[in-house]
Amino acid sequence: MPSQIAQSPWQTTALLIARLIFAAVFLMAVTFKFMGMGATAGFIAAAGFPFPLFLAWCAAILEVALVLCFLSGAFFTQAALVAAAYVLFLAFAFHGPSHWAGNQAEFGFFVDHFSFIAGLLFAAVHGPGQTLALNPGWPGRA
């Protein structure tokens, strides 16, 4: 049985705020998708992907699942790893090197994704915390 390490109040607060931030970022993204699924599909098509409306709906469903995982703490580690892979894909697919020549701001958007990925990986390693977290388990986790 793994040992539980006590968390100080500031650590608990920081973990809860981080989970809320992760959830808020994906909630904003999915809200924009639901408000304009056609526009999202157009953006996906412009990047050269087939079946853009289908992919837009897949992205929206994934983002809803991520929001639920980050808010509840359920499957948190797995969700953080999936989210990191998803954000890496988004960085290269929509803001990668092929976009930099046309708009140098795209390089900044590209780099910003990596700080988010770093946070997601850190979260994946440390888990959702012990407060307000449904944690059905992951190897090495209680």
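Contact here means heavy atoms within 4.5 Å of each other. With that in hand, let us walk through the structure. The model is a predicted one, in which local features need pLDDT of at least 70, side-chain atom pairs count only at pLDDT 80 or more, and totals for chains, interfaces and linings use all residues. Residues are numbered from 1 along each chain as its sequence is written, and side-chain values use heavy atoms, with hydrogens and water left out.

A good place to start is L120, which sits in helix α6. Helices in this account are DSSP runs of H or I with at least four residues, strands are runs of E with at least two, and both are numbered from the N terminus. L120 counts as buried because its relative accessibility is 0%; buried means under 20% relative accessible area, exposed means over 50%, and partly exposed lies in between, with a 1.4 Å probe and protein chains only. Which residues does L120 touch, if its neighbours within four places in sequence are left aside? The partners are F22, F70, A80, A83, A84 and V87. For a sense of scale, the C-alpha atoms of L120 and K33 are 22 Å apart, with their positions 87 residues apart in sequence.

Helix α6 covers residues 105–126, and A118 belongs to it as well. A118 counts as partly exposed because its relative accessibility is 44%. Its C-alpha atom is 8.0 Å from that of A84, a residue 34 positions away along the chain.

Now step back to the whole protein. It has 6 helices and 0 strands, so the order of elements from the N terminus is easy to remember: α-α-α-α-α-α. Along the principal axes, the C-alpha atoms fill a box of roughly 50 × 30 × 25 Å. Of the 142 residues, 32% count as buried. The accessible surface comes to about 8400 Å², and 77% of that belongs to carbon and sulfur atoms; these areas come from the Shrake-Rupley method with a 1.4 Å probe, and for residues only the protein chains shown count as cover. Among contacts with a separation of 6 or more, 64% join residues 24 or more positions apart.

How do the helices pack? Two packed helices are described by the angle between their axes and the distance between the axes. The axes used here are lines fitted to C-alpha atoms, for helices over the stretch in contact, and angles run from 0 to 180 degrees between N-to-C directions. Angles under 35 degrees count as roughly parallel, over 145 as roughly antiparallel, 65 to 115 as roughly perpendicular, and the rest as oblique.

Take α2 and α3 to begin with. Their axes come within 8 Å and cross at roughly 115°, which means that the two helices are roughly perpendicular to each other. The crossing of α2 and α3 is right-handed; a crossing has that hand if the near helix is turned clockwise from the far one by less than a right angle, and is left-handed if anticlockwise. M37, T40, A41, I44 and A45 of α2 make the contact with P52, L53, L55, A56, W57 and A60 of α3. By class, this contact has 10 nonpolar, 1 polar and no charged residues. Ala, Val, Leu, Ile, Met, Phe, Trp, Tyr, Cys and Pro count as nonpolar, Asp, Glu, Lys and Arg as charged, and the others, Gly among them, as polar.

The loop between α2 (37–46) and α3 (52–72) holds F51. Phi of F51 is near 50°, a positive value in a residue other than glycine. Is F51 buried or exposed? F51 counts as exposed because its relative accessibility is 63%.

Next along the chain come α3 and α4, whose axes come within 9 Å and cross at roughly 140°. The pair is therefore oblique, and the crossing is left-handed. On the α3 side the contact is made by A59, L62, E63, L66, C69 and F70, and on the α4 side by F76, A79, A80, V82, A83 and Y86. By class, there are 11 nonpolar, no polar and 1 charged residues. F75 lies in the loop between α3 and α4 (76–95), and has a positive phi of about 50° although it is not a glycine.

Finally, the axes of α4 and α6 come within 9 Å and cross at roughly 170°, so these helices are roughly antiparallel to each other. Their contact has 20 nonpolar, 3 polar and 1 charged residues.
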